[in-house]
Amino acid sequence: LLCLTPWKWTNGTFDNRSRSYLVPGLQQFQKARKENNRNRTKDQTEQPPVRVDMAVSETDVSIQLRHSLDEEGEYGAFTSVSVDILVRGTKAGSISGTIVNRQKIPERYFLSAMDGHSSDLQYVAVCLFEPRLGRTKLQSLRDGGDDNEFDFLYISTMHVEDQHKEKGSSDVGAFALRQLLHHPFIKGRAAHGCWSVSSCIYILDPCEAMTKEEKENIKSEERKEFGRRRAQTLPETEESLRAKEEKARRMDVLARLDANQFLRNGFFQDIAVARQEGNAARFLVAAYGHWVEPLKSHADAVAVQFYVAPRTPRPPVGKDAEILEVTKRMCSSRGRNTMAGVSSMMIGLQPTTRDGAGDRDRASAYQTEIARLVAEGGSLARSNALHAACANKDPAIVRCILNMDPMTLESRDPSNSTPLMIAAATAAGMSNIDGMPRDQPVIDELIGRGAQKGAVNLDGMTAYGTLKSMVEEYGMAMNAMMGRAVQTGPRTMPGLAELEAKLIPPGGPTAADRSGGASAQSGFIDYKEEDAEFDREYGDHYSDY
């Protein structure tokens, strides 16, 4: 009894007023218990984290799907989808996306609806769908069963916890994605030969394959680059360019790792899309005819080869980059009230005339600075300075560059465009409510110097084709932003025919010029003839029939 209580025996009675007189047996007991507790805590702290058994079967993976009408969209055509990925009942990841009901969007308002929802869906719509009815532009999706009578699903994010992706494993993601694509909400009335969703799109995310440390490093580099651009510090160097190229290669590798779970479910990289600029090479697409096929193995997915874009000329570095920066700064100094000029053009007023003496002073100062940089090893042709001057619609600097180095007239930029192509694309964006400005001093200067109208870019388009395609793209984009119906077919506006006549090649337009850069062999579908025939039979507003 004395060993198990804190009381002490005093004068024949138990006294608990002082715990300092504990019997030796109890003191030893409490000391041993404290030591044992310390050792237990230390052992728990030093134990390695519990590892998840990587042998996951398809029956171990399940999903919980939630959906709701997306209030961000118009016409009641957008449904938000949120999915929890579970492994043996424990959350292991998530999927989120948007289902678009193309039938609810009025004819010619497809791009407007996509733009009104989000920039992501607007980008997807421009790359993959035609603007009239939201039909797929890809022959591969059409062959797989995609039709605008049914919905399409854009998966915006797919995340699987790191412990289920060790050694590049794609099992959990592939099993979860398959369950989503075969879910009754997605599948619809498959027994009757149709699916509620007939196509699906995902843009590869390299961040999903990154470690936490890599993500932090990328964020740090982006903050530094943003500060560098704002501070307008020294132009690109060989070292900084190599670092950017290495980062781009690393991002491509990481994006490829993110693809395997989709490739196993029948998704693929369409070459017609991958050839486009920007992140188009990271698009993965599939129609229901593709994902109903049996699930592929991880090894089959890893073996898939992705499209590699042809190597393009590197952007200028060193003194060449300094020449380009000087050119941009000199062009930007031409008339500081830029927004006032843009506003005047949009409402149809003539832009304010430039001070000829001011242009001569700028050209003189520019020539002096460029002569110094050329003497130090720079090159006007390598710097793409003429391209920059054309993009900035600065005829004074254009004349100055051509006078200093006539070889710049046919120089190529990293996208393989000539200065005349850049000038044509810039002119396409100058249209206003009164049409296309008839005064085109930059284009007139280039053609007067002998610019080759028949030169083609990587898509086989001349400056003439560039103008036509950009006028159409700008028109669709403007209508989409203004919430107006998209116009299809050849565009007519005052001044456009005159400009086209200036740019048309001596041998006539190329096949790419006529098709806007697409052809029957490229993988894109041209609906123009199909629509024209339908309109001739039923009229422009066939939705009334």
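This note sets out numbered points on a predicted model.

1. The largest nonpolar core. This core holds 41 residues, and those that touch the most other members are Tyr366, Cys390, Val398, Ile401, Leu446, Leu467 and Leu503. Two or more residues come from each of α12 (318-332), α14 (356-375), α16 (385-391), α17 (395-404), α18 (419-428), α19 (441-448), α20 (463-482) and α21. The greatest share is that of α18, which gives 8 residues.

2. A second core. Separate from the core just described is another of 36 residues. Its members include Val160, Phe175, Leu177 and Phe306.

3. The two sides of α21. Which residues of helix α21 are buried? In this helix, which spans residues 496-503, they are Leu496, Leu499, Glu500 and Leu503. Viewed down the axis of α21, the buried residues fall within an arc of 100 degrees, and they therefore line one face of the helix. Ala497 and Ala501, on the other side of α21, are exposed. The general geometry is relevant here: an α-helix has 3.6 residues a turn, so residues three or four places apart point the same way.

4. Leu467 and its contacts with α21. Leu467 is among the residues that touch the most other members of the largest nonpolar core. Leaving aside residues up to four places away in sequence, Leu467 touches Ala424, Ala428, Leu496, Leu499, Glu500 and Leu503. The contacts of Leu467 thus include Leu496, Leu499, Glu500 and Leu503, which are the buried residues of α21.

5. Cysteines. How many disulfides are counted in the model? The count comes to 0. For Cys331, the closest cysteine sulfur is that of Cys390, at 9.1 Å, which is too far for a bond because a disulfide requires sulfur atoms within 2.5 Å. Cys331 is buried, with a relative accessibility of 5%. Cys207, by contrast, is partly exposed, its relative accessible area being 32%.

6. Asp84 and its polar partners. Asp84 belongs to strand β4 (residues 78-87). Is this residue, Asp84, buried or exposed? Its relative accessibility is 14%, so Asp84 counts as buried. The Asp84 side chain makes a polar contact of 3.1 Å with the side chain of Arg66, and another, of 3.4 Å, with the side chain of Lys91. Apart from residues up to four places away in sequence, Asp84 touches Ser62, Ile63, Gln64, Arg66, Lys91 and Gly93.

7. Gln139 and a pairing distant in sequence. Gln139 is part of helix α4 (residues 139-143) and is partly exposed, at 32% relative accessibility. Gln139 and Ile525 are 386 residues apart along the chain, yet their C-alpha atoms are separated by 5.9 Å. With residues up to four places away in sequence left out, Gln139 touches Gly523 and Ile525.

8. Positive phi outside glycine. Two loop residues deserve inspection of their backbone. Tyr75 is not a glycine but has a positive phi of about 65 degrees. Tyr75 sits in the loop between β3 (61-69) and β4 and is partly exposed, at 37% relative accessibility. Lys393 likewise has a positive phi, near 55 degrees. Lys393 is found in the loop between α16 and α17, and with a relative accessible area of 36% it is partly exposed.

Notes:
Residues are numbered from 1 along each chain as its sequence is written. This is a predicted model: local features need pLDDT of at least 70, side-chain atom pairs count only at pLDDT 80 or more; totals for chains, interfaces and linings use all residues. Side-chain values use heavy atoms; hydrogens and water are left out. Buried means under 20% relative accessible area, exposed over 50%, partly exposed in between (1.4 Å probe, protein chains only). Helices (H or I, at least four residues) and strands (E, at least two) are DSSP runs, numbered from the N terminus. The arc is that of the directions from the helix axis to the C-beta atoms. Contact means heavy atoms within 4.5 Å. A nonpolar core is a set of buried Ala, Val, Leu, Ile, Met, Phe, Trp, Tyr and Cys residues joined through side-chain atoms within 4.5 Å. A polar contact is a pair of N or O atoms within 3.5 Å; within protein, one must be able to donate a hydrogen and the other to accept it, and residues adjacent in sequence count only if both atoms are side-chain atoms.
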